[in-house]
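Hi,

Here is the structure I said I would pass on. Have a look at it first, and my notes on what I found follow underneath.

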Amino acid sequence: MEKDGVIERISSAVTAAPIVTVGKKDGDEVRVCGDFSVTYNACAEVETYPMPKIEDMHSALRVCQVFSVLDLKQAYHQNPISTESQKYLTINTHLGFFAFKRLPNGIHPGPAIFQRIMDGLLADIPKAVSRLDDILIAGTDYEDHLNTLSQVLERLLKFGFKLNKSKCKFLQSSVVYLGHLIDSAGLHPTEDKLAAVPPLNNLLKKNVPWKWTKSEDAAFKAAKNLLLNSRTLVHYNESLPLVLSCDASSYGAGALEKETFSIIFGLKQFHQYLCDNSFIILTDHRPLLTLLGPHYSVPAHTASRLQRWALILASYHYKIEYRSTPAHADADSMSRLPLPQTWCPKSENVECYFFEAGVVTNVTAEMIKKKTQVDPVLSLVYIQSGWPSVVDADMIPYKNRSDQLTIHQGCILWGARVVVPPSLRSAMLTELHDTHPGMT
């Protein structure tokens, strides 16, 4: 980043944010970001700028037949920031202080600043619209489309913007843009939005006998038709308060990761409505109030995936509030209706391996998994999905770190560290000291 001119080493700083290192999705590289939730974001004023609506963007592309989608590479880092502002966007690393010379991820004004830049860049080019780093180009025919596409590419070249080639789509009859399918016929919901249809709620209640008569069947078909009919989806109204209600099902990883993932999933699905707006996140998982609170720093030993998700949240202006499960029925009902696909996100951690000939470990991951499941303390931590207010003394250290614990392959992790069951600790210490000469 220093070589590319994104950051610059400085000798001192008026304020410095801790760093968050996460693995990139599309490679083995590490992304170094600043956790500005406790520095810049805590005191900076919210900058507002109107984000284009998908309906308005589509109306500008009416009667078009050919479409292309362009994706900017490391979009924020392609925009320099003023020298005066750099001192407030400093990160503290083991190599010293570094100030961002280009727009960093994770600051509140980032989306508004970037959208203003893109609107100014494409303002005079017809049939070309942008929502942050995603550019949509259209044309009434191939000739018209190629003319507009050439103007956009020349403009991007002139101002030094680079594209992510693997994510660009050219000369398509239909494209998916901001969660909608756009073609010559109009704007459509994507298939994944129509796949899950909820059942009749009454049949899920306790002490209600199961029955499926003509009445239930008619009600089910009516509900299905309403859900699939666009008239049940009201137009987005910017004047009303925004609330993102999230919940996780029993499918997937540990409770903390599932609940956090449900929020990130909601952010990505409704980004065009939440970005550059203040909103409230409702959750029935109380530990998230401190882990993801906008004014709390990310704990040092938090798992890499959770650190990355916290960084995504830092770009939004939000509050997070707790709502009990009985009052959380809207999100809870949908979380219990997963699609047949199993949630198995690609690992975002950068894995490093050390090989040495002749090394044979006496403690394996399978052994740790089995001993964890039979340990009187760790077995309770393993299955814990919600902590009671009072726990035994042996459980207190784990309860105090509940927002930093995750489950991976049956082993409990504290951040990136494996929690070794007491029955294996002696063997683990012996193995760790096996190559140490002298007395210990």
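Let's start at one serine: leaving aside neighbours within four places in sequence, Ser-379 is in contact with Thr-372 and Gln-373, where contact means heavy atoms within 4.5 Å. Ser-379 sits in helix α13, residues 378–383. Its side chain also reaches the backbone oxygen of Asp-375, at 2.5 Å. With a relative accessibility of 18%, Ser-379 counts as buried; the cut-offs are under 20% relative accessible area for buried, over 50% for exposed and partly exposed in between, with a 1.4 Å probe and protein chains only.

Before you go further, some ground rules. This is a predicted model, so local features need pLDDT of at least 70 and side-chain atom pairs count only at pLDDT 80 or more, while totals for chains, interfaces and linings use all residues. Residues are numbered from 1 along each chain as its sequence is written, and side-chain values use heavy atoms, with hydrogens and water left out.

Now the overall picture. The chain has 15 helices and 18 strands; these are DSSP runs numbered from the N terminus, helices being H or I with at least four residues and strands E with at least two. Of the 440 residues in the chain, 38% are buried. Take the contacts between residues at least 6 apart in sequence: 71% of them join residues at least 24 apart. The exposed area is about 25,900 Å², and carbon and sulfur atoms supply 55% of that (areas are from the Shrake-Rupley method with a 1.4 Å probe, and for residues only the protein chains shown count as cover).

Helix α5 is a good place to spend some time. Together with β9 (169–172), α5 (142–158) features in a nonpolar surface patch, each supplying at least two of its residues. The patch covers about 370 Å² and is made by Tyr-142, Leu-146, Phe-170 and Leu-171. To be in a patch, a residue needs over 30% relative accessible area and no salt bridge; like charges are joined within 9 Å, and nonpolar side chains (Val, Leu, Ile, Met, Phe, Trp, Tyr) within 5 Å. Leu-146, which lies in α5, counts as partly exposed because its relative accessibility is 41%.

Leu-149 is also placed in α5, but at 7% relative accessibility this leucine counts as buried. Apart from neighbours within four places in sequence, Leu-149 is in contact with Ser-68, Leu-70, Ile-137 and Phe-170. The C-alpha atoms of Leu-149 and Leu-171 are 9.5 Å apart, with their positions 22 residues apart along the chain.

What about charged pairs? The count comes to 2 salt bridges, a salt bridge being a side-chain nitrogen of Lys or Arg within 4 Å of a carboxyl oxygen of Asp or Glu. One joins Arg-155 to Asp-124, with the closest N and O atoms 2.9 Å apart. That pair links distant parts of the chain, as Arg-155 is in helix α5 and Asp-124 is 31 residues away in the loop between α4 (110–122) and β7 (128–131). Asp-124 counts as exposed, at 53% relative accessibility.

Asp-144 and Lys-127 also meet in a salt bridge, at 3.6 Å from N to O. Asp-144 lies in helix α5 and Lys-127 in the loop between α4 and β7, so this pair ties together parts 17 residues apart in sequence. Asp-144 is buried, at 19% relative accessible area, whereas Lys-127 counts as partly exposed at 23%.

For a fully covered residue, try Ile-281 in strand β14 (residues 278–283): its relative accessibility is 0%, so Ile-281 counts as buried. Among its contacts beyond four places in sequence are Leu-244, Ile-263 and Tyr-318.

Last, a small sheet. Three strands form an open sheet in the order β16-β17-β18, with antiparallel pairing. β16 (405–408) and β18 (417–418) are at the edges with a single partner strand each, so one side of each has no neighbour in the sheet. Strands pair if DSSP finds at least two bridges between them; β16 and β17 have 4 bridges, and β17 (residues 411–414) and β18 have 2. Leu-413 is the bridge partner of Thr-406 and stands opposite Val-418 in β18. β16 and β17 form a hairpin with 2 residues between them, and Gln-409 in the turn has a positive phi of about 55 degrees.

Cheers

Terms used:
A polar contact is a pair of N or O atoms within 3.5 Å; within protein, one must be able to donate a hydrogen and the other to accept it, and residues adjacent in sequence count only if both atoms are side-chain atoms.
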